[in-house]
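Reader: I would like a close look at the salt bridges of this model, and at how the residues that form them sit in the rest of the chain. Please take one part slowly and then connect it to its surroundings.

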Amino acid sequence: MLHIFLLFSLIFTSTNVLAQDFCVANTASGIVTPSGYPCIMEANVTSDDFAFSGLGVPGNTSNIISAAVTPAFVGQYPAVNGLGLSAARLDLAPGGVIPMHTHPGANELLYVVHGHITCGFISSANKVYLKTLKRGDVMVFPQGLLHFQINAAGKRPSLAIVTFSSPNPGLQILDFALFANDLPSSLLEKSTFLDDAQVKKLKGVLGGTG
């Protein structure tokens, strides 16, 4: 019985020794593993590491999508390393759109700060879930599913804050994935059912070649 007690005491003590309250990312290390970045030494961590002011600044919506995303992912906010969450700010001018995209590594929860935002996602069964949100509303987008946000009817800018279930949720925008690369137009035409003129137009707009 004494042996069992000593064994559990050893396991408990070892676990407490190895436990960490946080792991502020050493992004300068150049080392990234599936579990995140290595930690900077705790002796070098300060209160400033746990605060982030970037989401208080409006993004520049003078672009092709009339929208801006300001991320607070691990690359910008090293304190979220290993904590399983991150955030971003969405600014949408009237008519602005966050195009159809996915986050391969995280679920997303969107909170509307002001304005009206039409949001939707498509399930793996190709069912569409669509909702127009107003101030104070939230909507969740399950991990890996195609989704979008549009300031369709608004006459003024809309603002949302989103949170993710990963410090590095990943991002793939469908339009850019299809038309902003060098995939031959002939293959795109066969795989998307678009004609040659449409494919070339989209590649021209989004910077693709081939």
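Author: A residue is called buried when its relative accessible area is under 20%, exposed when that area is over 50%, and partly exposed in between. The model is a predicted one. By the 20% cut-off, both Arg-89 and Asp-91 are buried. Their side chains meet in a salt bridge, with 2.7 Å from N to O. Strand S2 covers residues 86–92.

As background to such pairs, side chains of opposite charge can pair when their charged atoms come close. How many salt bridges does the chain have? The count comes to 3. The rule behind that count asks for a side-chain nitrogen of Lys or Arg within 4 Å of a carboxyl oxygen of Asp or Glu.

Another of these pairs joins Lys-134 to Asp-137, whose closest N and O atoms are 3.7 Å apart. Because partly exposed covers the range between 20% and 50%, Lys-134 belongs there with a relative accessible area of 47%. Asp-137 is also partly exposed, with a value of 22%. For comparison of setting, Arg-89 and Asp-91 are both buried.

The remaining pair to describe is Lys-200 with Asp-196, where the closest N and O atoms lie 3.1 Å apart. Both residues are in helix H4, which runs over residues 196–206, and they are 4 residues apart, about one turn of the helix. Asp-196 is partly exposed, its relative accessible area being 33%.

The surroundings of Lys-134 can be followed through a glycine. Gly-115 is placed in the loop between strand S4 (108–114) and S5. Is Gly-115 buried or exposed? With 7% relative accessibility it counts as buried. Setting aside neighbours within four places in sequence, Gly-115 is in contact with Lys-134, and also with Leu-133, Arg-135, Arg-156, Pro-157 and Ser-158. The C-alpha atoms of Gly-115 and Gly-136 are 9.6 Å from each other, with their positions 21 residues apart along the chain.

The next loop in that region holds Asn-126, between strand S5 (117–122) and strand S6 (128–133). Asn-126 is exposed, with a relative accessible area of 63%. Its phi is near 65°, a positive value in a residue other than glycine. Most residues other than glycine have a negative phi.

A similar backbone value occurs in the approach to helix H4. Phe-193 lies in the loop between helix H3 (185–192) and H4, and its phi is likewise positive, near 65°. Where does its accessibility place Phe-193, buried or exposed? Phe-193 is exposed, at 77% relative accessible area.

Back towards strand S2, the loop between strand S1 (67–72) and S2 contains Ala-79. Ala-79 is buried, with a relative accessible area of 5%. Apart from neighbours within four places in sequence, its contacts are Val-24, Asp-49 and Phe-50. The C-alpha atoms of Ala-79 and Pro-169 are 15 Å apart, and the two residues are separated by 90 residues along the chain. Earlier in the sequence, Glu-42 is in the loop between helix H1 (2–18) and S1. Glu-42 counts as exposed, at 59% relative accessibility. Its C-alpha atom is 9.9 Å from that of Asp-21, and 21 residues separate the two along the chain.

The chain as a whole gives the frame for these details. It has 4 helices and 10 strands, in the order α-β-β-β-β-β-β-β-β-β-β-α-α-α along the sequence. The radius of gyration is 22 Å, whereas a compact globule of 210 residues would have a value near 17 Å. The C-alpha trace spans about 80 × 40 × 35 Å along its principal axes. Buried residues account for 32% of the 210 residues. Of the contacts with a separation of 6 or more, 66% are between residues 24 or more positions apart. The exposed area is about 12,700 Å², and carbon and sulfur atoms supply 62% of it.

As to charge, the chain carries 11 positive and 12 negative side chains, and the centres of the two sets are 15 Å apart.

Technical notes: Residues numbered from 1 in each chain as written. Predicted model: local features only at pLDDT ≥ 70, side-chain atom pairs only at ≥ 80, totals over all residues. Heavy atoms only, no water. Helix = DSSP H or I, 4+ residues; strand = E, 2+ residues; numbered from the N terminus. Rg over C-alpha atoms; globule rule 2.2 N^0.38 Å. Buried < 20%, exposed > 50% of the residue type's maximum accessible area, 1.4 Å probe, protein only. Contact = heavy atoms within 4.5 Å. Areas by Shrake-Rupley, 256 points an atom, 1.4 Å probe, with all protein chains shown as cover. Lys, Arg positive; Asp, Glu negative; His and termini not counted. Charge placed at Lys NZ, Arg CZ, Asp CG, Glu CD.
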